[in-house]
Amino acid sequence: MSNLRTLIIAAGLTAATLPAFAEERPVDPYSQSNANAGATPFTGEQMLAAFHGREGVARIVDGALDRSVADPKLEEIFHATDMERLRRTLKEQIAYLLGAPVDYTGRDMKTTHKDQGVNTAEFNILVEHLQQAMDKEGVAYRYQNQLLAKLAPMKRDVVTR
C-alpha cells in the first residue's frame, strides 16, 4: 500500500514539474476537404521551391503570426484564437496552395472567420505581416505577389465588419 502511495505521489510530482505543451482545442465537427483551402493550388514545383519548401512556409507562417499576435492593433482578433490550431492549419493551407503534397485539414474561410470580426484595416495589417515574413525568408516579390493574388479573393470571407 505504501509503495502505491509513493508511486502516486511521485507521478503527481512528475506531472507538476513537466512543462505544459500547448494542445489544440476541440472544434465542432466539419467536413475536411482541400476545397476548404479557398483556392486551387499552383501546379508544378516552382512556387513551393520559391518559398523554400514546407520548412520555409513554416518559418513564414510562424513569423507572420508572431508579428500579428504582438501587434496591439490586432489584439482582439487573436484573443480567443487557438494559436496551435491556427499555426498548423495555416501552414497546411499555404503549403497546399503552393503545390506541396499536403492536405488542408482546416475549415473553410467563411466558417473560420465568422466570429472574429476582422475589418479591412486589420486584414491589411495581417497581409503586411505576411509580406514582412516572406521578405525575411527571402521570397522574391514576384512569387510573393502570386501567392497574395491567390489569397486576395478570400478577403470577402475573412473581413466580416
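The exercises below go through a predicted model of one protein, each with a worked solution.

Residues are numbered from 1 along each chain as its sequence is written. Local features need pLDDT of at least 70 and side-chain atom pairs count only at pLDDT 80 or more, while totals for chains, interfaces and linings use all residues, and side-chain values use heavy atoms, without hydrogens and water.

**Exercise 1. State how many helices and strands the protein has, and give their pattern along the sequence.**

Solution. Start with the terms: helices (H or I, at least four residues) and strands (E, at least two) are DSSP runs, numbered from the N terminus. By that rule the protein has 9 helices and 0 strands. Read along the sequence, the pattern is α-α-α-α-α-α-α-α-α.

**Exercise 2. Describe burial, surface and contacts for the whole protein.**

Solution. First, burial: buried means under 20% relative accessible area, exposed over 50%, and partly exposed in between (1.4 Å probe, protein chains only). Of 161 residues, 38% are buried. Next, the surface: about 10000 Å² of the protein is exposed, and carbon and sulfur atoms supply 55% of that area. The areas come from the Shrake-Rupley method with a 1.4 Å probe. Last, contacts, meaning heavy atoms within 4.5 Å: among those between residues at least 6 apart in sequence, 77% join residues at least 24 apart.

**Exercise 3. Locate His52 and describe its phi angle.**

Solution. His52 sits in the loop between helix H2 (46-50) and helix H3 (53-70). Its phi is near 65°, a positive value in a residue other than glycine. For background, most residues other than glycine have a negative phi. With a relative accessible area of 35%, His52 is partly exposed.

**Exercise 4. Decide whether Lys73 is buried or exposed, and find its contacts.**

Solution. Begin with the position: Lys73 is in the loop between H3 and helix H4 (75-78). Its relative accessibility is 57%, so Lys73 counts as exposed. Beyond neighbours within four places in sequence, Lys73 contacts Glu122 and Ile125. Lys73 and Ile125 are 52 residues apart along the chain, and their C-alpha atoms are separated by 8.5 Å.

**Exercise 5. Do the same for Arg107.**

Solution. Arg107 belongs to the loop between helix H5 (83-97) and helix H6 (109-113). Because its relative accessibility is 24%, Arg107 counts as partly exposed. Not counting residues up to four places away in sequence, Arg107 touches Tyr30, Asn36, Arg85 and Thr112. Tyr30 is 77 residues from Arg107 along the chain, with 7.0 Å between the two C-alpha atoms.
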